[in-house]
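Q: I'd like to learn how to read the features of this model, starting with the empty spaces inside it. Can you walk me through them?

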Amino acid sequence: MAKAKTSYSCSACGAVFNKWSGRCDACGEWNCISEDTGISAGPSAATLGNSKGKSVHLTDLRTEETPPPRTLSGLAELDRVLGGGLVPASAILVGGDPGIGKSTLLLQAAAEFARKGLKTIYVSGEEASAQVRMRAQRLDLTDAPVQLAAETNLRDILTTLDQEKPQLAIIDSIQTMWSDNVGSAPGSVSQVRAAAHELTSYAKRKNMAVIIVGHVTKEGQIAGPRVVEHMVDTVLYFEGERGHQFRVLRAVKNRFGAADEIGVFEMTGRGLSEVTNPSALFLSERGTPAPGSVVFAGIEGTRPVLVELQALVAPSPHAQPRRAVVGWDSSRLAMILAVLEARCGIPFTGLDVYLNVAGGMKINEPAADLAVAAALLSAREDASIPADTVVFGEISLSGALRPVSQTENRLKEAQKLGFTSAIAPKGGKSPSVAGMALNQLADLTQFVGDTFGAG
């Protein structure tokens with residue numbers, strides 16, 4: 001009889017090793033490696049065979065099936081991120097920093113779904129039922145027919161779900177759940193993987209939607225093995241800065257809708273309220289244009305969003321100048337600074353550079369390159385960009401400006417908010433939007449010359 005091979009995994013990052021060690025080579029954490037117990041470990045681990053199996057039902061591509069109906073929550077921003085509502089038998093993973101508002105959002109969503117007629121159960125492994133009820137009272141949700149439970153034993157939770165037969169179950173959180181057939185502590189890689197597998201497979205078998213809350217690591221990734229994100233249908237991140245009241249729900253994976261779609265909320269004393277016009281909200285605190293301030297016309301999923309980029313360039317008292325970035329990729333900033341010096345002859349040596357995306361927003365698309373370069377040059381030359389101008393475009397390493405997608409949608413959003421001109425790359429489709437003057441440039445050198453009079 002072949003002996004099952006023992007494997008070890010890291011509880012911080014999920015890396016798998018053949019032997020135990022005190023430190024994980026993948027993430028550098030100490031005392032985080034534990035032994036995994038394989039599901040198929042035992043006498044039958046060598047081969048599965050087909051003696052006890054059963055044939056599965058097969059269909060082909062020509063089979064016409066009616067798509068499952070979606071249920072709208074009434075929270076338009078949440079429905080947008082989900083791709084148009086909640087899909088039956090779907091598994092959704094929601095992650096976010098501690099205290100960002102995940103439990104508040106899901107309790108509001110549970111109340112709205114229950115009011116729509118969906119039988120909903122909210123299972124909390126971190127709070128007592130009385131504590132959840134206190135939060136519901138503060139949010140004025142006590143009239144919603146949501147059933148509450150406070151439990152961490154996965155077997156008991158599945159037994160309850162099997163008896164009650166809900167259409168939606170919310171598990172808060174997956175790191176607190178434990179399965180009695182896995183010999184490790186709650187929150188470990190083995191427990192998280194087993195709990196996620198049981199919940200998602202149960203949801204598929206019983207045609208029940210399940211929403212799972214996941215904790216995040218200090219790097220901002222959902223804690224536990226990455227396989228959990230592969231198991232579920234949708235992965236949502238709830239983002240935001242503690243100093244701002246804005247919260248962004250972002251879809252990074254969605255089998256039933258567009259990825260990178262966002263929903264914007266505002267944290268108030270009575271919970272999260274929807275923001276139907278994020279661009280106006282992100283620009284609401286923008287005062288008189290100052291050097292280093294540039295408005296970027298971006299695209300988040302299918303939605304155009306205008307945000308303000310702020311840059312500050314100052315002489316550095318240190319031998320190594322600082323490069324501080326909030327809301328953007330720091331390596332991308334280093335690339336823009338290198339292109340400005342190599343292709344345009346504009347050095348930033350001996351200068352501290354600070355870049356901030358106003359409102360707590362995070363930008364991922366490369367179309368922000370030109371807006372960042374404009375903010376840096378504006379701060380360095382102490383020259384303001386016109387208040388009625390938006391900027392977008394990708395910068396290549398050669399200094400050329402590359403066209404970006406959905407130019408027309410960006411211009412329409414800018415025109416809706418009162419902007420009259422835009423600076424964008426030349427090439428691609430040149431849309432015409434009434435009331436918007438489009439200045440298309442070929443490279444970064446031309447941009448520097450036209451905007452700042454040198455280059």
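A: Sure. A cavity here is a set of grid points where a 1.4 Å probe fits but cannot get out. Keep in mind that the model is predicted.

Q: By that rule, how many cavities of 30 Å³ or more does the count come to?

A: Four cavities of 30 Å³ or more turn up. The largest cavity holds about 70 Å³ of space.

Q: Which residues line the largest cavity?

A: The lining is made of L78, L82, I92, V94, L105, L106, A109, F113, I211, L236 and L249. Sorted by class, that gives 11 nonpolar residues, with no polar and no charged ones.

Q: And which element gives the most to that lining?

A: Helix α2 does, with four residues. At least two residues each come from α1 (76-82), β4 and α2 (102-115).

Q: Now the open spaces. How much space lies in the largest pocket?

A: A pocket, unlike a cavity, is an open set of points with protein on both sides along at least five of seven lines. The largest pocket here has about 570 Å³ of space. It is lined by 25 residues, and E219, G220, Y237, E239 and K362 are the closest to its centre. Strands β9 (234-239), β10 (246-254) and β15 are the elements that give two or more residues to this lining, and β9 supplies the largest share with three.

Q: What is the lining of the largest pocket like by class?

A: Mixed classes this time: nine nonpolar, six polar and 10 charged residues.

Q: On to sheets. How do I read a strand order?

A: Start from the pairing: strands of a sheet pair through backbone hydrogen bonds, either parallel or antiparallel. The order then lists neighbours across the sheet. One open sheet in this model has nine strands, in the order β6-β5-β7-β8-β4-β9-β10-β11-β12, with mixed pairing. Its edge strands are β6 (146-150) and β12 (271-274), each pairing on one side only. On average, neighbouring strands are turned by 25 degrees against each other, direction ignored.

Q: Which residue in β7 stands opposite V123?

A: That would be I171. The strands involved are β5 (residues 120-124) and β7 (residues 168-172), which run parallel and are joined by five bridges.

Q: Which strands does helix α4 lie across?

A: Helix α4 (residues 154-164) lies across β5, β6 and β7, and runs at about 170 degrees to β5. Helix α5 (residues 189-206) also packs on the sheet, where it touches β4 (91-96), β7 and β8 (209-214), and its direction makes about 165 degrees with that of β8.

Q: Which residues does UniProt list for "domain: RecA family profile"?

A: An unreviewed UniProt entry gives residues 67-216 for that domain. Over this stretch the chain is 40% helix and 18% strand, and its end C-alpha atoms sit 33 Å apart.

Q: What is the strand order in the open sheet of seven strands?

A: Reading across, you get β15-β16-β14-β13-β17-β20-β21, with mixed pairing. The edges are β15 (323-326) and β21 (437-441), and each of these pairs on one side only. Recall that β15 also helps line the largest pocket. Strands β20 (residues 421-425) and β21 pair in the parallel sense over five bridges, with A424 standing opposite Q440 in β21.

Q: And where does helix α10 lie?

A: Helix α10 (residues 407-416) lies across β13 (293-300), β14 (303-315), β17 (389-391), β20 and β21. Its angle to β13 is about 130 degrees.

Note on methods: Residues are numbered from 1 along each chain as its sequence is written. This is a predicted model: local features need pLDDT of at least 70, side-chain atom pairs count only at pLDDT 80 or more; totals for chains, interfaces and linings use all residues. Side-chain values use heavy atoms; hydrogens and water are left out. Two strands pair if DSSP finds at least two bridges between them. Contact means heavy atoms within 4.5 Å. Axes are lines fitted to C-alpha atoms, for helices over the stretch in contact, and angles run from 0 to 180 degrees between N-to-C directions. UniProt positions are given in the numbering used here, feature names are shortened, and annotations may be inferred rather than shown by experiment. On a 1 Å grid over the protein atoms alone, a cavity is a set of points where a 1.4 Å probe fits but cannot get out, and a pocket is an open set with protein on both sides within 12 Å along at least five of seven lines; lining residues have an atom within 4 Å of a point. Grid points are joined across faces, edges and corners, and a volume is the space filled by probe spheres set on the points. Ala, Val, Leu, Ile, Met, Phe, Trp, Tyr, Cys and Pro count as nonpolar, Asp, Glu, Lys and Arg as charged, and the others, Gly among them, as polar.
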